[in-house]
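Got the viewer open and a selection box ready? Let's take a walk through this one, stop by stop.

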Amino acid sequence: MVKFEDKERAEGWGVIGNWEKYFNDPALDRLAEITIDLATETWTAMDRQKITEWILESKGYLQPNEVDDFQPTQEQEALLTEQRNQFISQIFQGLLRNTKESAE
Amino acid sequence: MEPRPNATGLPIKWSQSDRSKLDFIQAMISRPSMMLRPLTDALYERKLKTPEDSNTQTANDIASMMDQETLVQFLRFLRRKSQDMKWVELQEFMEPSSDVLSDWLNQENKSSGDLILDHNMIIPEYYFTGFHHQPGGFNGNQLSGLMYDVGLDISFASGLTGGVANLVPDRNYKRILDLGCGSGRSTEPFKTRFPDSDVFGIDPSEPLLKTAHQRAKQKSVEINYYQGLAESTPFPDDYFDLVTATILFHEVPDEAAFSILKETKRILSPGGILVIGDLLPYSASTAYDRWYDEWQVVHNNEPFFADAKTRDMISMGKEAGFKSIEEELRGKPSFFGDRKRVPGMPYIVTATK
């Protein structure tokens with residue numbers, strides 16, 4: 001726990017990469033990291049799938065590296081953003097449920 | 001819609017993997033905090049014995065109440081995790097193209113202003129802190145400046161404030177100097193607002209300055225960038241009529257802050273002004289916001305955060321020799337919270353020579 005004395009420096013200052021623990025059980029830190037990393041990969045796959053669908057819908061075939069090189073239009077970016085935000089809201093539903101109980 | 005994380009105009013393309021990961025990280029930086037901060041606030045209020053307790057509690061009291069709550073632990077974890085993810089992904093994006101990026105960074109563009117480097121300068125120890133957990137800090141390798149600059153667009157998806165450029169008094173400044181200019185985000189707006197002024201920036205980091213120089217070319221502005229310390233600049237006495245510093249002072253210890261004030265007084269012309277934009281001091285914040293901002297100190301490697309927020313700038317400025325010094329509190333208590341921010345910086349200090 002950080003102590004707040006004026007000018008007193010908190011433990012861990014100036015240490016690059018000082019990842020201590022955020023949860024009471026350090027195993028939860030590892031589990032939480034795995035979860036977020038998985039969520040990132042899941043979103044990357046969802047994004048990739050959407051792009052693949054767009055290209056196939058417009059042309060009916062894919063060229064090598066076409067998905068990798070794809071640059072979305074502004075309209076497409078807006079659609080991806082909406083989908084991404086829904087995804088994040090969805091995966092954090094459980095956290096919101098727990099925290100509402102905690103708040104009560 | 002969040003802006004594309006490519007405002008720097010890099011000469012390399014984003015692959016689908018890079019773009020989608022950084023999009024996700026950008027959303028992770030903003031959305032969980034948006035969702036969880038109001039719940040954190042509500043939890044605190046529910047735990048108070050009486051509403052009036054919030055007026056008498058210290059940040060330590062609040063830490064005792066809140067630090068063991070699952071909600072708080074998750075919020076802190078998510079903020080730190082997304083920050084680390086940002087750096088990892090930016091490294092993975094840039095390093096395969098380091099040759100291309102290095103060539104781009106080393107281009108000389110005379111029409112964009114001077115880029116004056118000082119390979120003999122001695123950089124103080126505090127600068128190697130590794131602020132914000134950026135691997136290698138601002139000076140770690142040739143790509144550090146680009147990583148920092150592109151990282152700004154990811155961390156501040158709603159846009160950067162442009163520093164103090166729109167807040168300084170309207171005068172015909174002959175020469176303007178932006179201290180701790182970094183990659184030029186706070187410097188460029190001066191050239192837009194005062195096109196007839198000679199605009200300068202100074203920073204210790206060569207990678208950041210090279211990034212700033214390329215950005216100046218892309219923005220078609222002429223800015224002279226110098227490598228050096230704000231506490232010991234290469235400029236003569238009375239040289240500038242406006243000197244500014246945007247979110248610099250919370251990155252330096254008290255001793256350096258005082259040296260910067262003294263040096264600024266030397267290089268300002270009589271009647272010239274220093275305008276500092278930074279975070280609100282703790283004296284203007286609630287204990288709750290102080291407790292909330294603790295995340296920056298411990299988890300975002302901001303070792304001088306508390307120094308800056310408890311610093312008596314008025315006394316320090318008078319001791320440095322300024323004729324007058326005033327502070328203006330413009331913002332809501334927590335600049336890094338998810339409350340609505342005022343346009344520009346929340347805390348302004350104006351010192352006159």
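Start by selecting B:Asn301, which sits in the loop between helix H10 (287–299) and helix H11 (305–309) of chain B. Keep in mind as you look that this is a predicted model. Check the backbone here: B:Asn301 has a positive phi of about 50°, although the residue is not a glycine. Is B:Asn301 buried or exposed? B:Asn301 has 23 other C-beta atoms within 10 Å, so B:Asn301 counts as buried.

Now hop over to chain A for another asparagine. A:Asn65 also has a positive phi without being a glycine, this time about 65°. You'll find A:Asn65 in the loop between helix H1 (26–59) and helix H2 (66–69) of chain A. Its surroundings are sparser in the count: 10 other C-beta atoms lie within 10 Å, so A:Asn65 is exposed.

**Zoom out to chain B**

Select the whole of chain B and colour by secondary structure. You should see twelve helices and eight strands. Along its principal axes, the C-alpha trace spans about 60 × 55 × 35 Å. How does the radius of gyration of chain B fit a compact globule? For 353 residues such a globule would come out near 20 Å, and chain B has 21 Å, which agrees. Buried residues make up 50% of the chain. Of the contacts in chain B with a separation of 6 or more, 79% join residues 24 or more positions apart.

**The sheet**

Next, show just the strands of chain B. They form an open sheet of eight strands with mixed pairing, in the order S1-S4-S3-S2-S5-S6-S8-S7. The edges are strand S1 (115–116) and strand S7 (324–329), each of which pairs on one side only.

Begin at the S1 edge. S1(B) pairs with strand S4 (residues 224–227) of chain B in the parallel sense, over two bridges. To see one partnership, pick B:Leu115, whose bridge partner in S4(B) is B:Tyr225.

Now add two helices. Helix H8 (residues 206–219) of chain B lies across S1, strand S3 (198–203) and S4, running at about 175° to S4(B). Helix H9 (residues 254–267) of chain B packs on the sheet too, touching S2, strand S5 (240–246) and strand S6 (268–278). The direction of H9 makes about 145° with that of S6(B).

Hide the helices and move to S2 and S3. S2(B) and S3(B) are parallel partners over five bridges; B:Ile176, for instance, has B:Val199 as its bridge partner in S3(B). S3(B) is mostly covered, with five of its six residues buried.

**Into the core**

Which residues have the most contacts inside the largest nonpolar core? Select B:Met147, B:Ile176, B:Leu179 and B:Val243; the core they belong to has 93 residues. Helix H4 (residues 70–94) of chain B supplies the largest share of this core, eleven residues.

Centre on B:Leu179 and expand the selection. Leaving out residues up to four places away in sequence, B:Leu179 touches B:Ile202, B:Ala230, B:Val243, B:Thr244, B:Ala245, B:Leu248 and B:Ile260.

**Two side trips**

Pick B:Ala165, in the loop between H6 and strand S2 (175–179) of chain B. With 24 other C-beta atoms within 10 Å, B:Ala165 is buried. Beyond residues up to four places away in sequence, B:Ala165 touches B:Ser186, B:Pro189, B:Phe190 and B:Arg193. Try a distance label as well: the C-alpha atoms of B:Ala165 and B:Glu188 are separated by 8.7 Å, with the two residues 23 apart along the chain.

Then go to B:Asp153, in helix H6 (residues 144–155) of chain B. B:Asp153 has 20 C-beta neighbours inside 10 Å and therefore counts as buried, the cut-off being 20 or more. Draw a line from there to B:Asp114: the pair is 39 residues apart in sequence and 26 Å apart in space, C-alpha to C-alpha.

**Last stop: confidence**

Recolour by pLDDT. Chain B averages 87, and 92% of the residues score at least 70. Select residues 1–5 of chain B, where pLDDT stays under 50; the model has 14 contacts for them beyond four places in sequence. Residues 334–340 of chain B are below 50 as well, and that stretch has 19 contacts in the model beyond near neighbours in sequence. For the complex, the predictor gives an ipTM of 0.82 and a pTM of 0.88.

Key. Residues numbered from 1 in each chain as written. Chains lettered and ligands numbered in written order. Predicted model: local features only at pLDDT ≥ 70, side-chain atom pairs only at ≥ 80, totals over all residues. Helix = DSSP H or I, 4+ residues; strand = E, 2+ residues; numbered from the N terminus. Rg over C-alpha atoms; globule rule 2.2 N^0.38 Å. Buried ≥ 20, exposed ≤ 12 C-beta atoms within 10 Å, placed from the backbone. Contact = placed C-beta atoms within 7 Å. pLDDT = per-residue confidence, 0-100. Pairing = 2+ DSSP bridges. Axes fitted to C-alpha atoms, helices over the stretch in contact; angles between N-to-C directions. Core = buried A, V, L, I, M, F, W, Y, C linked by C-beta atoms within 7 Å.
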